[in-house]
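Visitor: Please take one helix of this model and go through it closely, from the way it begins to what surrounds it.

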Amino acid sequence: MKPIDLRSDTVTRPTTAMRAAMAQAEVGDDVFGDDPTINRLQETAASMFGMDAGLFFPSGTQSNLAALMAHCQRGEEVIVGQSAHTYKYEGGGAAVLGSIQPQPLTNKPDGTLDLAEVEAAIKPDDSHFAITRLIALENTIGGKVLSRAYMADAIALARRRGLSIHLDGARIFNASVKLGMPVKDLCAGFDSVSVCLSKGLGTPAGTVLVAKAPIIEKAKRARKMLGGTMRQVGIIGAAGLYALEHHIERLADDHANAKRLGSGLERLGLVVDPVQTNMVFAAFPKEVCGPLQEHLAAEGILAFIDPRSRFVTHLDVDSAAIDRFVETVYAFLAKNTKARPAVLTQAG
């Protein structure tokens with residue numbers, strides 16, 4: 001059987017059409033700025049978000065770091081969520097490489113930051129304190145969508161207090177599809193947005209930072225220092241262009257499959273968080289986690305099984321794969337737990 005991988009939406013493989021686009025890509029030396037494909041990708045992404053310019057990075061981690069370094073000088077501060085990728089999962093790069101102080105705040109259950117807490121965390125103009133320079137948000141975060149109204153309020157706060165505001169939009173197109181709102185409208189007012197191409201959009205690698213022109217110029221210098229400049233990168237850029245043209249609307253399929261998966265696990269008696277986009281969080285008894293993960297692997301299914309498990313749908317997982325996963329979990333739980341799971345019915 002075809003393997004099923006629910007560990008992340010980063011595991012996608014380029015489609016046949018995407019590979020063809022990559023093979024036919026016109027390339028040049030991007031360090032000199034003359035790779036026509038990457039230039040077109042950067043311009044296309046910037047236009048989609050209503051920004052002045054775009055800049056291609058090999059990874060979202062580097063894109064976020066370069067953006068923070070473009071906004072903040074040494075000893076300045078970014079206010080960010082405890083659960084944000086920029087703070088929690090990027091190796092402390094802002095502090096280690098950018099000499100930027102993170103001021104982490106606790107994310108609310110819906111992924112937002114309490115804006116009253118954000119404002120209270122802004123430091124006064126006093127030599128004892130780091131200079132608060134930037135607010136950083138993430139959308140989606142943990143599969144949850146931040147509304148346009150909330151982001152508009154955060155932008156208004158930043159403007160009122162003289163701060164810049166950055167969005168880690170690694171899965172911003174998932175939010176756009178969920179809300180039925182173009183990214184240009186959804187992200188209006190941000191000074192910079194980091195847009196990942198290798199998650200739900202399915203490219204092999206790459207992120208585009210879109211921003212106002214002065215931010216892009218500073219980020220370009222940071223990218224060079226971080227080792228992110230590449231040569232004939234249009235081969236990868238062609239995959240990004242293909243994804244922006246063909247893989248955005250289909251994210252709705254991933255959302256539907258995530259709901260299908262969540263409903264299936266609920267029918268087994270498992271507690272599942274409400275599903276918004278392409279992530280499903282479900283609770284498993286601690287004692288079954290290791291054995292279940294091994295059993296799934298033996299059946300050709302890759303998933304991380306923890307007391308709070310995350311499953312991520314993507315373009316390489318269809319509805320039949322979802323049903324097979326749920327049936328495999330059911331069969332294991334029925335055989336290996338004292339309390340039999342709820343009767344498995346046909347997923348739908």
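Guide: In this predicted model, Asp-35 caps the N-terminal end of helix H2, with a side-chain oxygen lying 3.1 Å from the backbone nitrogen of Thr-37. Helix H2 itself covers residues 36–48, and its 13 residues reach 18 Å from the first C-alpha to the last, which is close to the 18 Å expected at 1.5 Å a residue. Thr-37, whose backbone nitrogen takes part in the capping contact, is also one of the buried residues of H2, together with Ile-38, Leu-41, Gln-42, Ala-45 and Ala-46. Seen down the axis of H2, these buried residues fall within an arc of 165°, and therefore they line one face of the helix. An α-helix has 3.6 residues a turn, so residues three or four places apart point the same way.

As for the surroundings, the buried residues of H2 pack against two strands, S2 (53–57) and S8 (207–211), and against two helices, H10 (213–225) and H11 (234–246). The two strands are themselves partners, since S2 and S8 pair in the antiparallel sense over five bridges, and among the paired residues Gly-54 has Val-210 in S8 as its bridge partner. Four of the five residues of S2 are buried, so this strand is largely enclosed by the rest of the structure. Just after H2, Gly-50 takes a positive phi of about 70°.

For the wider setting, an unreviewed UniProt entry lists residues 5–282 as the domain "Aromatic amino acid beta-eliminating lyase/threonine aldolase"; over residues 5–282 the chain is 42% helix and 16% strand, with the end C-alpha atoms 16 Å apart.

Technical notes:
Residues numbered from 1 in each chain as written. Predicted model: local features only at pLDDT ≥ 70, side-chain atom pairs only at ≥ 80, totals over all residues. Heavy atoms only, no water. UniProt positions renumbered as here; feature names shortened; annotations may be inferred. Expected span 1.5 Å × (residues − 1). Buried < 20%, exposed > 50% of the residue type's maximum accessible area, 1.4 Å probe, protein only. Arc of directions from axis to C-beta. Contact = heavy atoms within 4.5 Å. Polar contact = N/O pair within 3.5 Å; in protein donor to acceptor, adjacent residues only side chain to side chain. Pairing = 2+ DSSP bridges.
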